[in-house]
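Welcome, and thanks for taking a look. Please keep the sequence and the structure side by side as you read.

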Amino acid sequence: MRNPAVLILALLVVGCASTPVLHSTSGLTVTSYDALPPPALIDLSAQDRPYFIGPFDKLSISVFGVEALSQKVQADASGRISMPLVGVVEAAGKTPDQLASAIEDRLRGRYVRNPEVIVNLEETVSQVITVDGQVREPGLYPVVGQMTLMRAVATAKGTTEFAKLDDVVIFRTVNNQRMAALYNLKAIRKGVYNDPEVFANDVVVVGDSAARRLFKDALQGLPLLTTPLVVALQNR
């Protein structure tokens, strides 16, 4: 992959009449047309980032003084766990401490007067991505093996009937720099350009006008047909 050249002046992409005019702006810098760089190791394992429980993670749950409720559980594909008396609890997207608090709230008063719950991570089965916007089942999904953008959307049960397939954004942190790339699913399906790989901690947003607005000044409203647009977002 070539090193992305930072473009200070307005850029004109030479090509067919439908090729968009690209501009760097005060809020973002156009960096490349062909690929969003993969995250560095530090981006995947930053020590100051809290751990959020994901699908298939294995957890050890201890309820002080109630041995029957202390057990090891595994989150299902949707990131939920099930416990006696507690029922089904949404674990995905919570830290272990937040999940412990949610379990305490379910037990308090009805079953245990003053519950004290500790949740420990036993095993991380997979890292996760977030798929949001105009997909049938938005949520957190595990990254198992090599996953691409099309696979990520399919994992969320595909797009909704009227989804804007030319407005698909991947947000990613690369060497502590927040970046985003705008893709067109129709163009990928036609083989115009490659289906990009997605990585743990990526956020995929399908057909969301708020995400698209990040690109409006750089894209000048022209259709994105022949290449993805990759930008570095201004750190705030």
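The report below goes through a sheet, an aromatic pair and some salt bridges of this predicted model.

## A sheet of three strands

Let us begin with an open sheet whose three strands follow the order 5-4-8 and pair in antiparallel fashion. Strand 5 (71-74) and strand 8 (117-123) take the edges; each has a single partner strand, so one side of each is left without a neighbour in the sheet. On average, neighbouring strands here are turned by 30° against each other, direction ignored.

Between strand 4 (residues 58-63) and strand 8, which run antiparallel, there are six bridges. If you would like a place to start looking, find Lys58, which stands opposite Glu123 in strand 8. Helix 2 (residues 96-107) packs on this sheet and touches both strand 4 and strand 8. The direction of helix 2 makes about 135° with that of strand 8.

## A salt bridge between the edge strands

The structure holds five salt bridges, and one of them brings us back to the sheet. Lys72 pairs with Glu122, with 3.7 Å between the closest N and O atoms. This salt bridge links distant parts of the chain, since Lys72 belongs to strand 5 and Glu122 to strand 8, 50 residues apart.

How accessible are the two partners? Lys72 is exposed, with a relative accessible area of 64%. Glu122, at 44% relative accessibility, counts as partly exposed, because that class covers values between 20% and 50%.

## Two further salt bridges

Arg80 and Glu90 also meet through their side chains in a salt bridge, at 3.3 Å from N to O. Here, too, distant parts of the chain are linked: Arg80 sits in strand 6 (residues 80-83) and Glu90 in strand 7 (residues 87-90), ten residues apart. Arg80 is partly exposed at 37% relative accessibility, and Glu90 is partly exposed as well, with a relative accessible area of 34%.

Another salt bridge joins Lys164 to Asp167, whose closest N and O atoms are 3.2 Å apart. Is Asp167 buried or exposed? At 3% relative accessibility, Asp167 counts as buried. Its partner Lys164, by contrast, is partly exposed at 41%.

## The tyrosine pair

Turning to the rings, the count comes to one aromatic pair. Its members are Tyr183 and Tyr193, with 6.3 Å from centre to centre and 45° between the planes. The pair is classed as tilted, because its angle falls neither under 30 degrees, as for stacked rings, nor over 60, as for edge-to-face ones.

Where along the chain do Tyr183 and Tyr193 lie? Tyr183 is in strand 13 (residues 177-183), while Tyr193 is in the loop between helix 4 (185-189) and strand 14 (197-198). The two are ten residues apart, and their pairing links distant parts of the chain. Both rings belong to buried residues: Tyr183 has a relative accessible area of 2%, and Tyr193 has one of 11%.

## Asn184, between strand and helix

One more residue deserves a look before you go. Asn184 is placed in the loop between strand 13 and helix 4. Asn184 is buried, with a relative accessible area of 4%. A polar atom of the Asn184 side chain lies 2.9 Å from the backbone nitrogen of Lys186.

Notes:
Residues are numbered from 1 along each chain as its sequence is written. This is a predicted model: local features need pLDDT of at least 70, side-chain atom pairs count only at pLDDT 80 or more; totals for chains, interfaces and linings use all residues. Side-chain values use heavy atoms; hydrogens and water are left out. Two strands pair if DSSP finds at least two bridges between them. Helices (H or I, at least four residues) and strands (E, at least two) are DSSP runs, numbered from the N terminus. Axes are lines fitted to C-alpha atoms, for helices over the stretch in contact, and angles run from 0 to 180 degrees between N-to-C directions. Contact means heavy atoms within 4.5 Å. Rings of Phe, Tyr and Trp (its six-membered ring) pair if their centres lie within 6.5 Å; planes under 30 degrees apart count as stacked, over 60 as edge-to-face and the rest as tilted. Buried means under 20% relative accessible area, exposed over 50%, partly exposed in between (1.4 Å probe, protein chains only). A polar contact is a pair of N or O atoms within 3.5 Å; within protein, one must be able to donate a hydrogen and the other to accept it, and residues adjacent in sequence count only if both atoms are side-chain atoms. A salt bridge is a side-chain nitrogen of Lys or Arg within 4 Å of a carboxyl oxygen of Asp or Glu.
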